[in-house]
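Here's a quick walk through a protein with its ligand. Have the sequence and the 3D view open while you read.

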Amino acid sequence: MTDLDTAWRRLLEAGGRASGRRIAGLFDVEPDRLARLALTAAGLTLDLSKQPWSLADLAAALDLAGAAQVEAARAALFGGQIVNRSEGRPALHMALRAADGAAFQAKGRPVSPAVEASRAAMRTFAEGVRAGDIRGVGARPFTAIVHIGIGGSDLGPRLVWEALRPRDPAIDLRFVANVDPAEIELALAGLDPARTLVVAVSKSFTTQETLANAGIARAWLRAALGEAADAHLVAVSANPEAAAAFGVAPDRVFDFWDWVGGRYSVWSAVGLSCAIALGWEVFAELLAGAAEMDVHFQTAPLHANAPVLLALAHVFNRDGLGRPIRAVVPYAQRLRLFPAFLQQLEMESNGKRVDASGRPVGRATAAAVFGDAGTNGQHAFFQLLHQGTDVIPVDFVAVAGGEGEPDSQAKLLANAVAQAEALMVGRAEGEVRAELQAAGLDAAHIDALAPQRAFPGDRPSSFILMDRLTPRALGAVIALYEHKTFVEGVLWGINSFDQWGVELGKTLAARVLGELRGGPRGAHDPSTAALIARLADDPSASEP
Ligand code: F6P
């Protein structure tokens with residue numbers, strides 16, 4: 001087997017060769033290109049043929065996966081070994097979505113029975129609330145849920161709800177993440193406290209934003225319903241003691257485990273609000289779709305493994321071609337939050353510069369991810385994608401059988417397909433010149449206009465197609481990206497399951513808060529000191 005350094009060197013060399021070559025031309029010289037680079041997995045179709053790699057480059061990338069021992073790392077992940085070394089934890093989110101009867105172990109201890117018990121409790125509660133059997137003060141059924149959480153305790157559930165919510169939901173599910181009171185004020189507006197369940201979700205139950213918002217929501221409930229209002233409080237946490245100390249009744253605290261990373265937690269009780277508002281069958285299907293992708297990831301050979309190939313395509317762009325940004329454009333309004341979800345998944349997991357042993361990685365790691373729903377993005381940032389100075393690869397996500405007006409759906413899909421084609425094929429300046437000449441423009445005008453109206457092309461993309469936007473397909477696509485993120489971490493040698501980079505800002509924010517509230521001023525750079533002085537003088541900024 002090729003050693004890791006050699007495999008990396010070959011991948012970088014392949015990237016060098018790719019930079020001087022047209023992607024579209026590869027289809028002419030590689031007749032089986034599409035067959036080799038398009039595959040189906042857990043009901044999803046993944047087309048990586050518009051990526052800049054040749055089939056020889058793909059072989060180099062697969063060699064890198066072999067040299068980095070992706071298969072052994074995958075076995076360690078599924079085997080519940082300590083893959084999150086800095087925190088001494090496994091990362092076993094797959095156990096949460098496995099069907100009953102699975103036998104996952106964390107650090108050698110069985111976890112599946114506890115997962116099943118927790119899932120059963122969650123189901124009983126979700127169905128009880130939904131059926132109106134579990135009621136609030138005054139025996140009125142709950143008709144609204146305010147889900148409070150941030151980061152991984154928010155982005156997954158919010159995405160799932162937006163993607164799958166019925167047009168006329170029985171439960172009005174609202175989300176609050178930001179400590180900016182504007183969000184909770186809007187979320188609570190118009191709700192009847194007597195019919196509202198507040199679900200506070202925090203793995204640590206120490207997160208400033210979530211505790212602040214949960215406190216506001218609790219005060220809102222108590223102001224209307226008195227002390228009995230606490231019956232309207234539910235908590236989801238891996239720190240149930242802290243949730244109980246906050247005032248949540250022990251039988252309303254749904255716990256999960258430290259081996260579930262926040263950004264991988266939507267499959268746990270973190271998804272409780274969705275399970276209530278969407279119904280258990282829908283939530284179970286979401287889990288089943290993710291489990292199907294788990295099986296594919298575990299069993300498919302590397303050359304036909306969707307998460308592995310997607311990771312390699314992204315790494316080929318990131319390291320082989322030095323591209324630091326990637327766009328994700330779901331051509332489905334219901335998936336508009338997918339880019340935000342992936343920002344945390346990919347950037348919090350792999351935005352690291354040292355490896356799991358603390359040594360510099362020596363490679364470019366996670367790309368910055370951004371995006372919005374198509375077609376909206378076409379009218380915002382696509383200009384730069386087509387003609388900007390940087391090449392930004394795109395992941396297109398589309399739904400073949402979208403719901404609603406068929407004519408609009410056809411237009412949506414046509415745009416997705418056409419944009420991917422336009423990015424790759426471009427439009428030669430010579431063609432533009434000929435057109436302008438035919439239109440009768442003079443030479444000076446043509447010289448000025450033609451370069452502006454030409455498209456360089458060669459802008460790579462992946463195309464992910466779902467047959468329909470079902471809970472199962474959504475589960476599969478989320479799990480696809482989870483595993484692709486893991487594979488990238490293995491290639492780079494980093495721990496994808498910790499997030500030390502968020503700590504410094506939290507610590508300093510606590511210090512600055514004390515200063516804004518009139519506490520002694522600490523030492524700061526002049527810019528920071530001036531901002532603190534300005535804000536501390538402003539009563540609205542310093543109110544406790
Ligand atoms: O932003 C850092 C982080 O720790 C994320 O990893 C996590 O998803 C989020 O904060 C929320 O954490 P918690 O669920 O503990 O409130």
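What follows covers the ligand site, a buried arginine and some backbone oddities.

## The ligand and its surroundings

Keep in mind that this is a predicted model. Let's start with the ligand, which takes up the space of the largest pocket. There are 13 residues around it, and those coming nearest are S153, S202, S204, T207 and E348. Sort the shell by character and you get eight polar residues, three charged ones and two nonpolar ones.

Oxygen atoms of the ligand have some polar partners worth clicking on. One ligand oxygen sits 2.7 Å from a polar backbone atom of G152. On the side-chain front, S153 has an N or O atom 2.7 Å from an oxygen of the ligand. Then there's K203, where a polar backbone atom is 2.8 Å from a ligand oxygen. As for cover, the protein hides 85% of the 390 Å² of accessible area that the ligand has on its own.

## A look at S153

S153 deserves a second glance. You'll find S153 in the loop that runs between β5 (144–148) and α8 (155–164). Its relative accessibility is 7%, so S153 counts as buried, the cut-off being under 20%.

Now look for V201. S153 and V201 are 48 residues apart along the chain, yet 5.8 Å separates their C-alpha atoms.

## A buried arginine

Next stop is R97, which belongs to helix α6 (residues 93–97). Is R97 buried or exposed? With a relative accessible area of 2%, R97 is buried. Its side chain has a partner, too: a polar contact of 2.7 Å links it to the side chain of E482.

## Backbone oddities

Most peptide bonds are trans, and most residues other than glycine have a negative phi. A few spots here go the other way. The peptide bond between G374 and T375 is cis, with omega at about 10 degrees. T375 is part of the loop between β11 (368–370) and α16 (382–387).

Two residues go positive in phi. A139 isn't a glycine, but its phi is positive at about 60 degrees. A139 lies in the loop between α7 (112–131) and β5, and it's partly exposed at 46% relative accessibility. F205, also not a glycine, has a positive phi near 55 degrees. The loop holding F205 connects β7 (196–201) to α10 (208–225). Unlike the partly exposed A139, F205 is buried, at 4% relative accessible area.

Definitions and conventions:
Residues are numbered from 1 along each chain as its sequence is written. This is a predicted model: local features need pLDDT of at least 70, side-chain atom pairs count only at pLDDT 80 or more; totals for chains, interfaces and linings use all residues. Side-chain values use heavy atoms; hydrogens and water are left out. A residue is near a molecule or strand if one of its heavy atoms lies within 4 Å of it. A polar contact is a pair of N or O atoms within 3.5 Å; within protein, one must be able to donate a hydrogen and the other to accept it, and residues adjacent in sequence count only if both atoms are side-chain atoms. Accessible areas come from the Shrake-Rupley method with a 1.4 Å probe; for residues, only the protein chains shown count as cover. On a 1 Å grid over the protein atoms alone, a cavity is a set of points where a 1.4 Å probe fits but cannot get out, and a pocket is an open set with protein on both sides within 12 Å along at least five of seven lines; lining residues have an atom within 4 Å of a point. A molecule sits in a cavity or pocket if more than half of its atoms lie within 2 Å of its grid points. Ala, Val, Leu, Ile, Met, Phe, Trp, Tyr, Cys and Pro count as nonpolar, Asp, Glu, Lys and Arg as charged, and the others, Gly among them, as polar. Helices (H or I, at least four residues) and strands (E, at least two) are DSSP runs, numbered from the N terminus. Buried means under 20% relative accessible area, exposed over 50%, partly exposed in between (1.4 Å probe, protein chains only).
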